[in-house]
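This report looks at a salt bridge, an enclosed space, a buried polar side chain and an open pocket, in that order. The sequence and the structure come before the discussion.

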Amino acid sequence: MDQMPIDSNTWDIEIKPKNKLFDLQLKEVWHYRDLMWLFVKRDFTAQFKQTILGPFWHVVQPALTTIMFLLVFGKIAKIPTDGIAPPAFYMAGLAIWGYFSACFTGTSNTFTSNAGIFGKVYFPRIVTPISIILSNLVKFGIQIALLICIIVYYNFNGFPYHATIHLLYIPLILIVVAGISLGLGIIFSSLTTKYRDFTVLLGFAIQLLMYATPVIYPLSYLQGKSYKWIIDLNPLSSLIEAFKYCIFGKGLVEPYSVLYSVVFMMVSVSLGYIIFNRVEKTFMDTV
């Protein structure tokens, strides 16, 4: 039986090895946008499969954490909140910190969690961490809704609220936070393919990093303290302070600190993508 000659022009997709370290594959990512949205749905629903409260956990967890912060840092430690209603102050910090933490932790497990899919089906691997960034926006949105309820309540109970035009900067802050979590996350994901110790280290580091970030205290509280420079080195510090400033109009936001965070984001995303592309070629042999 004669075989028909194979014409390479009849193929829809031609898989080629990557010769460039910094190949963004933006066209491919857009081509697989439907798959990305499927991953977004999968990541969100998988968190609540076989749970009683479902998405309501995104309200219960920050609410209980806020109550604990009120008792420990508000009543016992008596850390000031810059004249902002303490529950609203803590909830704002927890919302933006929770978004970073969830994105960072999720993207850091990209290779190990999706090894089964990566070994069977071709698609741009970067689609997976991007979908994690997007799916966590739903959780962030739920917590922002809770924050709005708290602000409305305290508006009539001693803490009048006045919205400003700075609210329009919140999406930009969110993009920078997402970029940092994506960049650092895919760097850790690339490392954990060979060294599983980084998985344990990551969980410990996330817990410590929250206390080195102005989630439970304002930056003004650290003015004049000798260790403030350590907090300033954290690129999330200025972003979380700026997030609170955009909402409440109170805080210590320095332009050069925000610029530092933006530069850190660009460097981490660039470095992360280069490492991601290198590891992607051989990770199936080590995972």
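## The salt bridge

In this predicted model, the count of salt bridges comes to 1. Its partners are Asp232 and Lys228, whose closest N and O atoms are 3.0 Å apart, a separation that satisfies the criterion because a salt bridge requires the side-chain nitrogen to lie within 4 Å of a carboxyl oxygen.

Both residues belong to helix H10, which covers residues 228-233, and because Asp232 and Lys228 are 4 residues apart there, about one helical turn separates them. Their surroundings can be described in terms of accessibility: Asp232 is partly exposed, with a relative accessible area of 30%, whereas Lys228 has a relative accessible area of 11% and is therefore buried, the limit for that class being under 20%.

## The cavity

The structure holds 1 cavity of 30 Å³ or more, and the volume of the largest cavity is about 100 Å³. Its lining consists of 14 residues, and those closest to the centre are Leu219, Asp232, Ser238, Glu254 and Ser257; Asp232, listed here, is also the acidic partner in the salt bridge with Lys228.

Three helices, namely H10, H11 (235-248) and H12 (255-280), each supply at least two residues of this lining, and the largest share, 4 residues, comes from H12. Sorted by class, the lining of the largest cavity contains 6 nonpolar, 5 polar and 3 charged residues.

## Asn136 in helix H7

Asn136 is located in helix H7, which spans residues 127-155, and with a relative accessibility of 7% it counts as buried. A polar atom of the Asn136 side chain lies 2.9 Å from the backbone oxygen of Ile132, a distance that falls within the 3.5 Å used for a polar contact. When residues up to four places away in sequence are not counted, Asn136 touches Tyr99, Ala102 and Cys103.

## The second largest pocket

The second largest pocket encloses about 290 Å³ of space. It is lined by 14 residues, and the ones nearest its centre are Leu94, Trp97, Gly98, Lys139 and Gln143. Helix H3 (57-76), helix H4 (86-107) and H7 are the elements that give two or more residues to this lining, with H3 giving the most, 6 residues.

By class, the lining of the second largest pocket is made up of 7 nonpolar, 6 polar and 1 charged residues. Helix H7, one of the contributing elements, is also the helix in which Asn136 is found.

Terms used. Residues are numbered from 1 along each chain as its sequence is written. This is a predicted model: local features need pLDDT of at least 70, side-chain atom pairs count only at pLDDT 80 or more; totals for chains, interfaces and linings use all residues. Side-chain values use heavy atoms; hydrogens and water are left out. Buried means under 20% relative accessible area, exposed over 50%, partly exposed in between (1.4 Å probe, protein chains only). On a 1 Å grid over the protein atoms alone, a cavity is a set of points where a 1.4 Å probe fits but cannot get out, and a pocket is an open set with protein on both sides within 12 Å along at least five of seven lines; lining residues have an atom within 4 Å of a point. Grid points are joined across faces, edges and corners, and a volume is the space filled by probe spheres set on the points. Ala, Val, Leu, Ile, Met, Phe, Trp, Tyr, Cys and Pro count as nonpolar, Asp, Glu, Lys and Arg as charged, and the others, Gly among them, as polar. A polar contact is a pair of N or O atoms within 3.5 Å; within protein, one must be able to donate a hydrogen and the other to accept it, and residues adjacent in sequence count only if both atoms are side-chain atoms. Contact means heavy atoms within 4.5 Å.
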